[in-house]
Amino acid sequence: MAYSDLNFMLLGLIFQRVSGLSLRAYINALRIRDAVVYLENTDMPVSEIAYALGYGDSNYFSTVFQREKGCTPSAYRKRRGEQPPDQA
């Protein structure tokens, strides 16, 4: 194991102890937060949003989004579009 790998592992361990989240979970949460902004404020296709947020696979992005938000990105956008403006 290289010294840099050990430093990264230590960083991840310290981050998890301080935040309660793994580094991957934290980064995914930030990406999903940004995805919500794109879905609510643009007409970008979901695949382009996935790519803009650093996901190489839009299916994986949709899986992560659904795990975090309880619905697919497309369903989220559709549901948000059907709400009256004061509730959106």
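This report covers the aromatic rings of a predicted model.

## Aromatic pairs

A pair of aromatic rings is described by the distance of the centres and the angle of the planes. Searching the whole structure turns up five aromatic pairs. One of them joins Tyr55 and Phe61. Their centres lie 5.2 Å apart. The planes meet at 55°, and the pair is tilted.

Both partners can be placed by their accessibility. Tyr55 has 3% relative accessibility, so Tyr55 counts as buried. Phe61 has a relative accessible area of 0% and is buried too.

## A link between two helices

Phe65 and Tyr76 also pair. Here the ring centres are 5.6 Å apart. The planes stand at 75°, so this pair is edge-to-face. The cut-off for that label is an angle over 60 degrees.

Phe65 belongs to helix H4, residues 58–69. Tyr76 belongs to helix H5, residues 73–82. The pair therefore ties together parts that are eleven residues apart in sequence.

Phe65 is buried, at 0% relative accessibility. Tyr76 has a relative accessible area of 11%. Buried means under 20%, so Tyr76 counts as buried.

## The cluster and a charge

One aromatic cluster takes in Tyr55, Tyr60, Phe61, Phe65 and Tyr76. The tilted pair of Tyr55 and Phe61 and the edge-to-face pair of Phe65 and Tyr76 thus both have their rings in this cluster.

Tyr55 has a charged partner as well. The charged end of Arg31 sits over the Tyr55 ring. The distance to the ring centre is 4.3 Å.

Methods. Residues are numbered from 1 along each chain as its sequence is written. This is a predicted model: local features need pLDDT of at least 70, side-chain atom pairs count only at pLDDT 80 or more; totals for chains, interfaces and linings use all residues. Side-chain values use heavy atoms; hydrogens and water are left out. Rings of Phe, Tyr and Trp (its six-membered ring) pair if their centres lie within 6.5 Å; planes under 30 degrees apart count as stacked, over 60 as edge-to-face and the rest as tilted. Buried means under 20% relative accessible area, exposed over 50%, partly exposed in between (1.4 Å probe, protein chains only). Helices (H or I, at least four residues) and strands (E, at least two) are DSSP runs, numbered from the N terminus. A charge sits over a ring if NZ of Lys or CZ of Arg is within 6 Å of the ring centre and within 35 degrees of the ring normal.
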